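Welcome! Here are a few short exercises on strands and how they pair, each with a worked solution. Have a look at the model first, then try each task before reading on.

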Amino acid sequence: MRHKLQSITCFLITSLLILAITRSSADTYGENIVVVGNIKCWALVSIPGVTAAGKPISGTFVPVGAGAGARLNGAYVGDPPFDNALFFRATLKIGGVEIYDKTYPLGGTTGGTGTTGGTGGTGGTGGGVGDPPGGGAGAGLYAFAPTDDFNFADLFAQVPEDPELVQLYGPPPARFASNHFSHNADVPVVLKCYYALFKNQQWIASTVCETQIDPKAYNRLASWKTIVTVNGGSWPPNLQARIDGLVNTGRSNFSSANYLVSGGPLMNKAQALAELGESTGVFVNTHGAGGGLFDSYGHWDPVTGLIIPSGFLPWNEIGTATGAFNPNEATPQHSWIIVYGCDTLGGGADPSWAFRRRPVDGVYLGFEGILTTDCKDVVTGATVSFENHATTLFSMLNQGHAAEGARVRANALYLPLDVNNFPLPMQLRGDTLTTWKSVYLHAAERVAPRVDSQGRFTEWYIWFDSP
């Protein structure tokens with residue numbers, strides 16, 4: 001339950017200065033400045049890489065930086081109406097959803113009636129000296145220990161032309177999962193900051209500065225399947241049905257996680273490389289080798305035993321398509337690379353570099369040996385389709401488990417088998433804590449009661465505050 005503050009323009013004081021407010025443009029995207037007499041109040045909201053409207057955000061680790069402050073307005077002429085300004089309240093909305101409404105107590109002579117914040121923390125103390133009317137309100141999920149999502153020295157590197165006033169507090173940072181929103185959806189991030197204006201240590205007026213950035217959610221799947229055996233023949237109908245079922249399971253789960261699923265599931269080499277250059281997720285069931293993947297039609301030459309190049313995607317060609325050799329914002333990084341194929345992780349290899357796997361919130365799931373379409377049902381001992389493994393993997397992810405927990409559980413219930421009917425468990429490269437739809441949490445943040453006893457967390461955002 002949220003507690004709304006009373007209007008901050010109504011103060012228990014004998015007089016209230018009503019001044020003209022002007023807004024001045026700021027050089028930094030996401031910053032706004034409000035001028036009130038001899039005071040400039042500023043607010044800044046930022047996401048790394050979002051330097052203009054429409055810039056893409058991907059994955060479940062989207063950090064939001066927030067800042068607020070006030071400067072003296074050197075251009076003001078006349079008797080200054082204020083001698084100080086202090087930030088005391090902030091609200092943050094992402095995609096129209098209020099993430100927090102946080103108020104801090106300030107020194108001064110204007111008291112108010114405090115309230116206790118909702119889920120997310122304690123609001124301002126009741127009736128304290130300098131509390132804004134209505135006290136404080138906290139809301140949403142939050143953590144006491146902010147992680148190093150931002151280098152604030154970079155965010156506020158500009159040197160203001162007017163002297164900066166020392167602030168006691170600042171608006172809390174946050175983090176969210178971009179795929180809470182549909183692919184290509186606008187995701188407005190709106191920060192509203194409130195300031196107390198003082199004269200002779202008396203809180204006599206207040207003002208508000210609102211700022212906004214407008215990224216777009218970008219989460220897109222590249223997905224294909226094989227329709228030929230290693231020698232180029234057709235699969236028996238029952239095995240092709242297993243392949244079809246596995247790939248349909250993957251595609252439907254990515255779709256439900258707000259990934260755009262457009263191309264495929266049949267792709268030639270050129271089509272697959274083109275899709276990989278635009279995707280942030282990968283789900284394939286095809287032939288693999290130590291040096292790359294095959295397209296839907298690729299196989300080995302049945303006479304020479306050599307790979308036929310026209311249907312093979314070497315890691316270096318995938319890396320060229322994804323921008324791994326020349327990283328830039330034109331080619332997105334990948335959060336999820338799931339490959340039901342042979343030997344792409346053989347010998348401890350990690351080909352995830354070719355996909356520009358995200359260093360945080362990025363994972364490659366695959367196999368180290370020769371995979372079949374068989375799994376062992378560990379409970380009954382029966383041999384069943386490997387679609388059961390994928391179904392369990394996605395079930396765990398949808399319940400809020402991170403990548404490693406989901407992988408371990410899928411292997412424990414439905415153990416993939418190799419050509420000799422030996423166990424071939426799925427392996428992982430990358431960030432074990434990668435999340436599916438819930439916001440990414442660092443290891444230190446995965447604590448009770450936020451994460452339940454089974455390690456699950458399902459919320460799409462989190463915000464950070466001091467204890």
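**Exercise 1.** In which sense do strand 6 and strand 11 pair, and over how many bridges?

*Solution.* Keep in mind that this is a predicted model. Start by finding strand 6 at residues 84–94. Its pairing with strand 11 is antiparallel and covers ten bridges. For a landmark, look at Thr-91, which lies opposite Lys-192 of strand 11.

**Exercise 2.** Which strand is joined to strand 11 by eleven bridges, and what do the two strands form?

*Solution.* The partner is strand 12, residues 202–213, and the two run antiparallel. Here Cys-193 faces Cys-209 of strand 12. Next, look at the link: two residues separate the strands, making a hairpin, and Asn-200 in the turn has a positive phi of about 55°.

**Exercise 3.** Why is strand 11 largely enclosed by the rest of the structure?

*Solution.* Count the buried residues, meaning those under 20% relative accessible area. Strand 11 spans residues 189–199, and nine of its eleven residues are buried, so the rest of the structure largely encloses it.

**Exercise 4.** Which strands stand at the edges of the open sheet of three strands?

*Solution.* Write down the order, 23-22-24, with antiparallel pairing. Strand 23 (383–385) and strand 24 (414–418) each have a single partner strand, so they are the edges, with one side lacking a neighbour in the sheet. On average, neighbouring strands of this sheet are turned by 45° against each other, direction ignored. Now take strand 22 (residues 371–377): four bridges pair it with strand 24, and Cys-375 sits opposite Pro-416 in strand 24. Finally, add helix 6 (residues 403–413), which packs on the sheet and touches strand 22 and strand 24.

Technical notes: Residues are numbered from 1 along each chain as its sequence is written. This is a predicted model: local features need pLDDT of at least 70, side-chain atom pairs count only at pLDDT 80 or more; totals for chains, interfaces and linings use all residues. Side-chain values use heavy atoms; hydrogens and water are left out. Buried means under 20% relative accessible area, exposed over 50%, partly exposed in between (1.4 Å probe, protein chains only). Two strands pair if DSSP finds at least two bridges between them. Axes are lines fitted to C-alpha atoms, for helices over the stretch in contact, and angles run from 0 to 180 degrees between N-to-C directions. Contact means heavy atoms within 4.5 Å.
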